[in-house]
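Dear colleague,

I am handing over the structure below, together with an account of what was found in it. Please look at the sequence and the model before reading on.

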Amino acid sequence: ESPDDCRYRIVRADRQGRWVHSVGEVERLPDGRAVRLVGLDQDVTADAQAQAQLQSVLHRHDLAVRAA
């Protein structure tokens, strides 16, 4: 079975938003019943913020080029 891989936003109890990247795989018995989930969660907030900033700069650049 292939691992699940997803990225999502959470809001912590202190109302701070964070981006998380999760990768996990379900281990199953021969009959298909799930035994455990093995994986990891990684805070990728800094990466997500940098990517959003880059997208903003590229968008402004595109607007400037079209206006010229």
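**Salt bridges and the sheet**

At a relative accessibility of 32%, Asp-62 counts as partly exposed, because its value lies between the limits of under 20% for buried and over 50% for exposed. Please keep in mind throughout that this is a predicted model.

Asp-62 has a charged partner, since its side chain meets that of Arg-66 in a salt bridge with a distance of 3.2 Å from N to O. Both Asp-62 and Arg-66 belong to helix H1, where they are 4 residues apart, about one turn of the helix. Arg-66, for its part, has a relative accessibility of 66% and so counts as exposed. As general background, side chains of opposite charge can pair when their charged atoms come close.

The structure holds 5 salt bridges, and two others among them can be described here. One joins the side chains of Arg-18 and Asp-43, with 2.8 Å from N to O, and this pair links distant parts of the chain, with Arg-18 in strand E2 and Asp-43 in strand E3, 25 residues apart. Asp-43 is partly exposed, its relative accessible area being 43%. Another is formed by Asp-31 and Arg-33, whose closest N and O atoms are 2.8 Å apart, and here both Asp-31 and Arg-33 are exposed.

Turning to the strands, the model has an open sheet of 3 strands in the order E1-E2-E3, with antiparallel pairing. Strand E1 (4–11) and strand E3 stand at the edges with a single partner strand each, so that one side of each is left without a neighbour in the sheet. Neighbouring strands of this sheet are turned against each other by 30 degrees on average, if direction is ignored.

The pairing can be followed strand by strand. E1 and E2 pair in the antiparallel sense over 8 bridges; Asp-5 has Val-23 of E2 as its bridge partner, while Asp-4 has Gly-24 of E2. In the hairpin of E1 and E2, 5 residues stand between the strands, and Arg-15 takes a positive phi near 70 degrees. On the other side of the pairing, strand E2 (residues 17–28) is joined to E3 by 9 bridges, and these two strands run antiparallel. Val-23 appears again here, with Leu-40 as its bridge partner in E3. The hairpin of E2 and E3 has 5 residues between the strands, and in it Gly-32 takes a positive phi near 95 degrees.

How many residues of strand E3 (residues 34–43) are buried? Of its 10 residues the number buried is 0, so strand E3 lies largely in the open. E1 is hardly covered either, as the count of buried residues among its 8 residues is 0.

To return to the two elements discussed above, E1 and E2 pair over 8 bridges, and helix H1 (residues 45–67) packs on the sheet, where it touches E1, E2 and E3, its direction making about 125 degrees with that of E2.

With best regards

Technical notes:
Residues are numbered from 1 along each chain as its sequence is written. This is a predicted model: local features need pLDDT of at least 70, side-chain atom pairs count only at pLDDT 80 or more; totals for chains, interfaces and linings use all residues. Side-chain values use heavy atoms; hydrogens and water are left out. Buried means under 20% relative accessible area, exposed over 50%, partly exposed in between (1.4 Å probe, protein chains only). Two strands pair if DSSP finds at least two bridges between them. Axes are lines fitted to C-alpha atoms, for helices over the stretch in contact, and angles run from 0 to 180 degrees between N-to-C directions. Contact means heavy atoms within 4.5 Å. A salt bridge is a side-chain nitrogen of Lys or Arg within 4 Å of a carboxyl oxygen of Asp or Glu.
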